[in-house]
Amino acid sequence: MEPMLLLPEILLFLGGLTVLVTGSFQPRERQWVTRIIAAVALVASAVAAGIGMLGPTESPMLGAFTVDVATGIVRIIACLGTAVVVGLASDEIAGTARESETYTLLLFSTTGTLVLAGADDLLVVAVGFLLASVPFYGLIGITMTRLGAEAAMKTYLLGALFGIILLASIVVLYGVTGSTDHAELPDLLAVAPRGAVAAGVVGLLVGLLFKAGGVPGHFWVADAAEGSGGAVAAFVTTVPKIGAVVAIYRIVELLPDTLAWPLLVAVLATASMTLGNLAAYWQDDPRRLLGWSTVSQVGYMLVPIAVAGIAESALPALLLYLVGYTVTNLAAFAITTAFPRHRTLDSYRGMGRAHPWLGGALVVALLGLVGTPPTAVFMGKLTTTIAAWDGGLAWLAVVVFINSVASLFYYLRWIARAYGSGESLHPSTFGVVTPARWSTGLAVVLAAMTLVVGIGAGLLWLAVT
């Protein structure tokens with residue numbers, strides 16, 4: 001039965017191999033076959049994950065992996081999120097030389113994300129980190145442009161650095177405890193030397209924050225969002241974060257109270273949300289703006305992690321936020337892939353009037369990222385701040401509120417231009433610009449889902465608690 005417990009991961013990995021082999025024997029005009037295979041693998045994996053959630057919590061691989069509600073939620077949203085990215089990619093890369101390779105790398109990286117989310121052993125965390133990261137670098141540079149090459153090199157070098165820090169930290173923790181099993185670590189860490197424990201845990205968190213795109217591992221995010229293709233930018237700023245933050249939650253939850261771990265995570269959360277917002281203020285490229293926005297979003301995700309094991313609502317709040325963030329962020333990036341040539345905020349002038357449905361989707365997505373009711377992210381922020389308050393970190397809840405209000409400015413800059421006058425998309429100057437078909441449909445559907453999830457958050461809350 002153990003292989004069945006890992007069926008979602010197995011389906012994704014085999015799907016990636018199938019896409020790789022099939023694409024090698026298909027002419028360029030028939031690469032759409034690999035797109036269908038990738039989509040089928042992702043949907044099948046999501047269905048298998050949903051079925052797996054009906055059973056009790058299991059620990060396959062001798063307890064090194066956990067199949068619980070958190071793992072199930074991450075499996076579903078990561079697979080469906082990547083399926084959306086495959087749809088976005090069909091507008092950009094259909095019939096190109098690297099189409100099948102892109103789908104292969106997406107499936108492999110998503111598999112690593114799922115492994116990270118369910119890891120219950122530090123060695124499995126390392127495997128998931130590497131499996132999610134290595135395809136990551138190729139995806140960013142696959143456009144073979146100057147900006148793409150620069151972003152890929154920066155991401156690779158930072159990934160190597162933070163990967164070494166993560167692996168070295170695991171070695172330190174193993175050295176002072178003699179174990180990498182999450183079940184054994186709480187008691188062993190409580191009696192281990194504090195200095196070594198502090199160094200090991202901080203390094204471990206820093207390494208995972210690279211994958212999540214939060215401070216201090218955030219330096220690559222904006223460059224990757226700007227330099228890679230639109231679909232890849234949507235993927236790297238959304239899906240890998242899901243597994244990374246859940247892996248961070250599992251680690252923080254097992255830490256003893258010999259050191260002030262909640263304060264450390266709270267400081268990292270404050271730094272991420274504040275720095276991300278400040279940097280986004282001055283961005284003119286929409287994708288780069290969204291890249292810095294995702295750095296701030298990681299800060300909000302860390303808020304319930306700061307009270308992991310203290311507030312009962314911490315994990316459900318985190319999972320609800322992840323669902324809302326995934327839908328909303330993908331909706332925002334889908335709009336940029338609908339207009340791939342419009343790479344400045346000014347170039348969006350008049351878009352809201354020329355394309356009302358996409359204009360509405362843009363408003364919902366950007367105000368959703370702020371946390372405006374009744375969107376999904378609003379419910380996520382509400383529950384995470386309640387968890388922080390219940391966990392004794394009322395000041396962190398105030399920081400979330402201040403940063404949410406501050407972020408409104410740079411989102412409104414984009415909205416104002418979309419509904420302002422100008423020549424870029426105005427029909428009276430050069431006719432209606434036709435947006436990409438798949439991206440348009442997905443943007444509207446995802447924006448609608450943002451509202452649906454927000455309105456139905458009560459039912460979703462019951463599902464994750």
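How many aromatic pairs does the count come to? The answer is 14 aromatic pairs, and they make a handy way into this model, which is a predicted one.

Take Phe129 and Phe210 as one of these pairs. Their ring centres sit 6.2 Å apart with the planes at 50 degrees, so this pair counts as tilted. In sequence the two partners are 81 residues apart, so to speak at a distance along the chain: Phe129 belongs to helix H6 and Phe210 to helix H9, and their pairing links distant parts of the chain. Both ends of the pair are tucked away from solvent. Phe129 has a relative accessibility of 2% and therefore counts as buried, while Phe210, at 0%, is buried as well. Another pair is Tyr410 with Tyr411, where the ring centres are 4.5 Å apart and the planes make 45 degrees, so that pair is tilted too. Tyr410 and Tyr411 are both buried.

Now go back to Phe129 and Phe210, because they are part of one aromatic cluster that also takes in Phe136, Tyr137, Tyr156, Phe162 and Trp220.

Next, the helix packing. Two packed helices are described by the angle between their axes and the distance between the axes. Start with helix H13 (residues 261–280) and helix H14 (residues 286–306): their axes come within 7 Å and cross at roughly 160 degrees. An angle over 145 degrees counts as roughly antiparallel, and that is why H13 is roughly antiparallel to H14. The crossing of H13 and H14 is left-handed. On the H13 side, the contact residues include Pro262, Val265, Leu268, Met273 and Gly276, and on the H14 side they include Leu289, Trp292, Gly299, Tyr300 and Ile305. Sorted by class, the contact of H13 with H14 has 16 nonpolar and 6 polar residues, with no charged ones.

Further along the chain, look at helix H18 (residues 376–390) and helix H19 (residues 394–418). These two pack with their axes 7 Å apart, at an angle of about 155 degrees, and H18 and H19 are therefore roughly antiparallel to each other. Their crossing is left-handed. Here Lys381, Thr385, Ala388 and Trp389 of H18 meet Ala394, Ala397, Val400 and Ser404 of H19. By class, the residues of this contact are 5 nonpolar, 2 polar and 1 charged.

That leaves some backbone oddities in the loops. Most residues other than glycine have a negative phi, and most peptide bonds are trans. Which residues does a cis peptide bond join in the loop ahead of H18? Pro373 and Pro374 are joined that way, with omega about 5 degrees, and Pro374 is found in the loop between helix H17 (356–370) and H18. Another cis peptide bond joins Val215 and Pro216, where omega is also about 5 degrees. Pro216 lies in the loop between helix H9 (194–212) and helix H10 (221–227).

As for phi, Met61 is not a glycine, yet its phi is positive, at about 60 degrees. You'll find Met61 in the loop between helix H3 (32–52) and helix H4 (69–93). With 36% relative accessibility, Met61 counts as partly exposed. Met144 also has a positive phi, near 55 degrees, and its place is in the loop between helix H6 (122–141) and helix H7 (146–177). At 64% relative accessibility, Met144 counts as exposed.

How values were computed: Residues are numbered from 1 along each chain as its sequence is written. This is a predicted model: local features need pLDDT of at least 70, side-chain atom pairs count only at pLDDT 80 or more; totals for chains, interfaces and linings use all residues. Side-chain values use heavy atoms; hydrogens and water are left out. Axes are lines fitted to C-alpha atoms, for helices over the stretch in contact, and angles run from 0 to 180 degrees between N-to-C directions. Helices (H or I, at least four residues) and strands (E, at least two) are DSSP runs, numbered from the N terminus. Angles under 35 degrees count as roughly parallel, over 145 as roughly antiparallel, 65 to 115 as roughly perpendicular and the rest as oblique. A crossing is left-handed if the near helix is turned anticlockwise from the far one by less than a right angle, and right-handed if clockwise. Contact means heavy atoms within 4.5 Å. Ala, Val, Leu, Ile, Met, Phe, Trp, Tyr, Cys and Pro count as nonpolar, Asp, Glu, Lys and Arg as charged, and the others, Gly among them, as polar. Buried means under 20% relative accessible area, exposed over 50%, partly exposed in between (1.4 Å probe, protein chains only). Rings of Phe, Tyr and Trp (its six-membered ring) pair if their centres lie within 6.5 Å; planes under 30 degrees apart count as stacked, over 60 as edge-to-face and the rest as tilted.
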